[in-house]
Amino acid sequence: MELGLVGLGKMGGNMRERIRRAGHTVVGYDRNPDLADVHSLEELVGKLSAPRVVWVMVPAGEATQATVDRLGELLEPGDVVVDGGNSRWTDDEKHAEELAAKGIGFVDCGVSGGVWGLENGYALMYGGDAENVAKVQPVFDALKPEGDFGAVHAGKVGAGHFAKMVHNGIEYAMMQAYAEGWELLEKVDSVDNVREVFRSWQEGTVIRSWLLDLAVNALDDDEHLDGLRGYAQDSGEGRWTVEAAIDNAVPLPAITASLFARFASRQDDSRQMKMIAALRNQFGGHAVERAGD
């Protein structure tokens, strides 16, 4: 089939290559002309045969909204827009409604696989009407990993990104658990080969995983991670997961704690700990460290 692909960064560029390897035609557009096959969305749409499928891989929020708005002006009834970025599921519902008014279908797709997806395939979670999903199915089949699993029609519009959001929330908690265990192993005197302890867990243990494999890769590159600063960003999906949990009264203590741990990583001098130190000094006379000491 033919596919228009908007956004050819680290993910989008590799996805274009994997889809082409499966024998499909991909017309790619990116604001960077060195990456693009065409120089505008108008040219991209003009090169596709109806019914058209255009897959959007741009940052969530304003960039996605602007792209969907423009495609809504260029596409025709029967065409389909796929949002494969990390949009919030509530935005999907809005986009689907706006495009449906013009007879254009909408499918949201959470994509996982990162820089390894080109060779290993991408885990796909998509939402939308069966009729619109069917128009995109050959691309889903090209992108997914080999085998019976790795892709799911999760439900109606928004379900794909909601599922990917929860996936990323779980990822936050798993990474935090590995990180805490690693720090404790590094702290004690009795364990003098922490990297090999992690490596030993890769076979035969219940905590083996791809994340564990990646942790070992990182320790092979820098055994004690001395070259890194202990600062971690969050993409937004961890926050959305916690917000959804609050809205639905679902307890997520591990995921919530892992998100807050990332916030703590950005503080060189915790204001909360200032207050705790002051209170301990007030009620118990405990010593405090003065700024500049």
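**Entry 1: helix α6**

I started with the residues of α6 that are buried, and I listed Asn132, Val133, Val136, Val139, Phe140, Ala142 and Leu143. I note here that the model is a predicted one.

Next I checked the length of α6, which covers residues 130–143. Its 14 residues, at 1.5 Å a residue, should span 20 Å, and I found the end C-alpha atoms 19 Å apart, so the two values agree.

Where does α6 bend? I found a bend of about 55° at valine 136. A proline follows within four residues, namely proline 138. Valine 136 is also on my list of buried residues.

**Entry 2: the whole chain**

I then stepped back to the chain. I counted 12 helices and 7 strands. The C-alpha trace spans about 75 × 40 × 40 Å along its principal axes.

What share of the 293 residues is buried? The value I wrote down is 40%. I also looked at contacts with a separation of 6 or more, and 66% of these are between residues 24 or more positions apart.

**Entry 3: strand β4 and its partners**

I looked up β4, residues 80–83, and asked which way its side chains point. Val80 and Val82 point one way, while Val81 and Asp83 point the other way. I recorded all four as buried, the aspartate included.

On the β3 side, I found that β3 (residues 53–56) and β4 run parallel and are joined by 4 bridges. Which residue of β4 stands opposite tryptophan 55? I found valine 82 there.

I traced the path from β3 to β4 by way of helix α3, residues 62–74. Together these three elements make a right-handed β-α-β unit.

On the β5 side, β4 pairs with residues 105–112, again in the parallel sense, over 4 bridges. I looked up the partner of valine 81 in β5 and found phenylalanine 106. Helix α4 (residues 89–100) belongs with β4 and β5 to a right-handed β-α-β unit. So that I do not lose track, I repeat that β4 takes part in the unit with α3 and in the unit with α4.

**Entry 4: the loop before β3**

I moved to the loop between α2 (41–46) and β3, where arginine 52 lies. Is arginine 52 buried or exposed? Its relative accessible area is 11%, and the cut-off for buried is under 20%, so I count arginine 52 as buried.

I looked for what surrounds this arginine. A polar atom of its side chain lies 3.4 Å from the backbone oxygen of leucine 48. Leaving aside neighbours within four places in sequence, I found arginine 52 in contact with Val45, Leu75, Glu76, Asp79 and Val80. One of these, Val80, I had already met in β4.

Proline 51 lies in the loop between α2 and β3 as well. I checked the peptide bond that joins alanine 50 and proline 51 and found it to be cis, with omega about -5°.

**Entry 5: glycine 150**

I looked up glycine 150 in the loop between α6 and β7 (151–155). Its relative accessibility is 27%, so I put it down as partly exposed. Apart from neighbours within four places in sequence, its contacts are Tyr122, Ala123, Leu124, Lys144 and Pro145. I also took its distance to arginine 16: 134 residues in sequence, and 18 Å in space from C-alpha to C-alpha.

**Entry 6: serine 209**

Serine 209 sits in the loop between α8 (194–200) and α9. Which backbone nitrogens does its side chain reach? I found that of leucine 211 at 3.3 Å and that of leucine 212 at 3.1 Å. Not counting residues up to four places away in sequence, serine 209 touches Met174 and Tyr178.

**Entry 7: two positive phi values**

Last, I looked up two residues other than glycine with a positive phi. Leucine 225 has phi near 55° and lies in the loop between α9 (210–221) and α10 (237–247). At 24% relative accessibility, I count leucine 225 as partly exposed.

Alanine 249 also has phi near 55°. I placed alanine 249 in the loop between α10 and α11 (253–265). Its relative accessible area is 69%, and exposed means over 50%, so I entered alanine 249 as exposed.

Conventions:
Residues are numbered from 1 along each chain as its sequence is written. This is a predicted model: local features need pLDDT of at least 70, side-chain atom pairs count only at pLDDT 80 or more; totals for chains, interfaces and linings use all residues. Side-chain values use heavy atoms; hydrogens and water are left out. Buried means under 20% relative accessible area, exposed over 50%, partly exposed in between (1.4 Å probe, protein chains only). Two strands pair if DSSP finds at least two bridges between them. A crossover is right-handed if, with the strands pointing away from the viewer, the path from the first strand over the helix to the second runs clockwise. A polar contact is a pair of N or O atoms within 3.5 Å; within protein, one must be able to donate a hydrogen and the other to accept it, and residues adjacent in sequence count only if both atoms are side-chain atoms. Contact means heavy atoms within 4.5 Å. The expected span of a helix is 1.5 Å times one less than its number of residues. The bend at a residue is the angle between axes fitted to the seven residues ending there and the seven starting there.
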